[in-house]
Amino acid sequence: MKLEDVRRITVVGAGIMGRGIAQTFATAGYDVTLNDLSSDLLDAALNRVKTNLDTFTRYGFVQAEDVAVILARIRTTTDLADAVRDVDIVIEAIAEDFEAKRQLFNRLDSLCPDRTILASNSSSLLISEFAAETKRQDRVILTHWFNPPHIVPTVEIIPGHMTSPETYELVYELHRKVGKLAIRIRKEIPGYLVNRIQMAMLREVWWLWEQGIASAEDIDLAVKGSFGFRLASIGPLLTNDLGGNDTNYRVSRYLLPLMTNSTEPPEAFRRMVEAGNYGQKTGQGFFVHSTEEWNSIIEKRDKEFLERLKSLY
Ligand SMILES: NC(=O)c1ccc[n+]([C@@H]2O[C@H](COP(=O)([O-])OP(=O)(O)OC[C@H]3O[C@@H](n4cnc5c(N)ncnc54)[C@H](O)[C@@H]3O)[C@@H](O)[C@H]2O)c1
């Protein structure tokens, strides 16, 4: 299959990630089928896509008259066999549960046409483990999007041991074609690239917060106004070159032995999660807000992200 042969894409799982991925491909002109376990979930996903598209029109990413056309490109069904009957690419975006994903890949392999490429949006699992469930290991790949998927540019494209170069190139080019910043990951590794880097930072952030070195507000403010401010424009390695690697090397030799190298999340963070304080989902996490306040935080976030997307990409 060539890139120009790709016409139909099915997204399995219409949650936070799946609906945004479906929106991205439908906006780019593809026929998209969205599959989930109930029609209520699918209706809610479509409503969310409509709201997202309305926001996109306000920032000029989509013309108002195109919204209905884009929505009409998204078909929904709870029947997996129907969803993948004549599909070129399937993107799996169900919950992060190895056994559920393993079973799904097994079913997809028997239901999909021979040509179909199977992709997973898992955020931590290794694609080779699902590929082994199929008789098409050369056509199985991992595409790792970031939340909100219809806005955040990067998608990591990660091959399994058996992914063919043809599958890899097609999927890489497809993501570029729909406007994503596709990143070539050469070899699969747990957490891939971005989540490993992010987790290294969070380990230190959580430790500093637990130690009471600064308040949650001040930790976020400090990061936003310093390396966070730089990072949307220049990456960490270019930042190193611009700042001077001699200095960075000396600072690292002094500081690295003094920083946390814990292999467990900190106690205070564990207690927070065990108390059910998940953040926005439950109203309380590092910060406490009412539902209205969380909604306006998300609205402000999306507005700023869209402005940044426009100016940087
Ligand atoms: N949320 C994030 O920030 C994020 C970022 C990157 C990757 N991911 C990954 O993307 C995937 C989806 O995450 P999410 O946050 O969208 O989850 P979610 O819980 O919001 O959505 C998952 C959806 O899958 C549906 N589902 C479950 N089993 C199904 C099945 N067998 N068939 C069809 N639908 C099924 C659920 O009903 C639900 O609507 C996970 O693998 C997650 O690790 C999430």
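The numbered points below go through a predicted model, beginning with its strands and ending with some residues in its loops.

1. A good place to begin is strand β2, which covers residues 31-35. Of its 5 residues, 4 are buried, so the strand is largely enclosed by the rest of the structure. When you follow β2 in the model, it may help to keep in mind that the side chains of a regular strand alternate between the two faces of the sheet.

2. One of the partners of β2 is strand β1, made of residues 8-12, and the two strands pair in the parallel sense over 5 bridges. Within this pairing, isoleucine 9 stands opposite valine 32 of β2. Helix α1, residues 16-27, belongs to the same part of the description, since β1, α1 and β2 together make a right-handed β-α-β unit.

3. Strand β2 also pairs with strand β3, residues 74-77, again in the parallel sense, and here the pairing runs over 4 bridges. In this pairing asparagine 35 of β2 stands opposite threonine 77 of β3. The side chain of asparagine 35 reaches the backbone oxygen of threonine 77 at 3.0 Å, so that these two residues are linked by a polar contact, for which the cut-off is 3.5 Å. Asparagine 35 has a relative accessible area of 6%, and it therefore counts as buried, because the limit for that word is under 20%.

4. The ligand deserves a careful look, and a reader may ask which of the 20 residues around it come nearest. They are Met17, Asp36, Glu96, Lys101 and Ser123. Three of these can be described at the level of atoms: a backbone N or O atom of methionine 17 lies 2.8 Å from an oxygen atom of the ligand, a polar side-chain atom of aspartate 36 lies 2.6 Å from a ligand oxygen atom, and an N or O atom in the side chain of lysine 101 is 2.7 Å from an oxygen atom of the ligand. Taken alone, the ligand exposes 840 Å², and the protein buries 74% of that area. Sorted by class, the shell around the ligand holds 9 nonpolar, 8 polar and 3 charged residues.

5. Further along the chain, β7, residues 154-159, and β8, residues 181-184, run parallel and are joined by 4 bridges. Glutamate 156 stands opposite isoleucine 183 of β8, and β7, helix α7 (residues 165-177) and β8 make a right-handed β-α-β unit.

6. Two backbone details should be checked by eye, because most residues other than glycine have a negative phi and most peptide bonds are trans. The peptide bond from asparagine 147 to proline 148 is cis, with omega near -5°, and proline 148 is found in the loop between β6 (140-144) and β7. Tyrosine 192 is the other case, with a positive phi near 55°. This tyrosine 192 is found in the loop between β8 and α8 (194-210), and it is buried, with a relative accessible area of 2%.

7. Is glutamate 188, in the loop between β8 and α8, buried or exposed? Glutamate 188 is buried, with a relative accessible area of 13%. Measuring tools in a viewer can also be used to place it against aspartate 302, which is 114 residues away in sequence and 31 Å away in space, C-alpha to C-alpha.

Technical notes: Residues are numbered from 1 along each chain as its sequence is written. This is a predicted model: local features need pLDDT of at least 70, side-chain atom pairs count only at pLDDT 80 or more; totals for chains, interfaces and linings use all residues. Side-chain values use heavy atoms; hydrogens and water are left out. Buried means under 20% relative accessible area, exposed over 50%, partly exposed in between (1.4 Å probe, protein chains only). Two strands pair if DSSP finds at least two bridges between them. A crossover is right-handed if, with the strands pointing away from the viewer, the path from the first strand over the helix to the second runs clockwise. A residue is near a molecule or strand if one of its heavy atoms lies within 4 Å of it. A polar contact is a pair of N or O atoms within 3.5 Å; within protein, one must be able to donate a hydrogen and the other to accept it, and residues adjacent in sequence count only if both atoms are side-chain atoms. Accessible areas come from the Shrake-Rupley method with a 1.4 Å probe; for residues, only the protein chains shown count as cover. Ala, Val, Leu, Ile, Met, Phe, Trp, Tyr, Cys and Pro count as nonpolar, Asp, Glu, Lys and Arg as charged, and the others, Gly among them, as polar.
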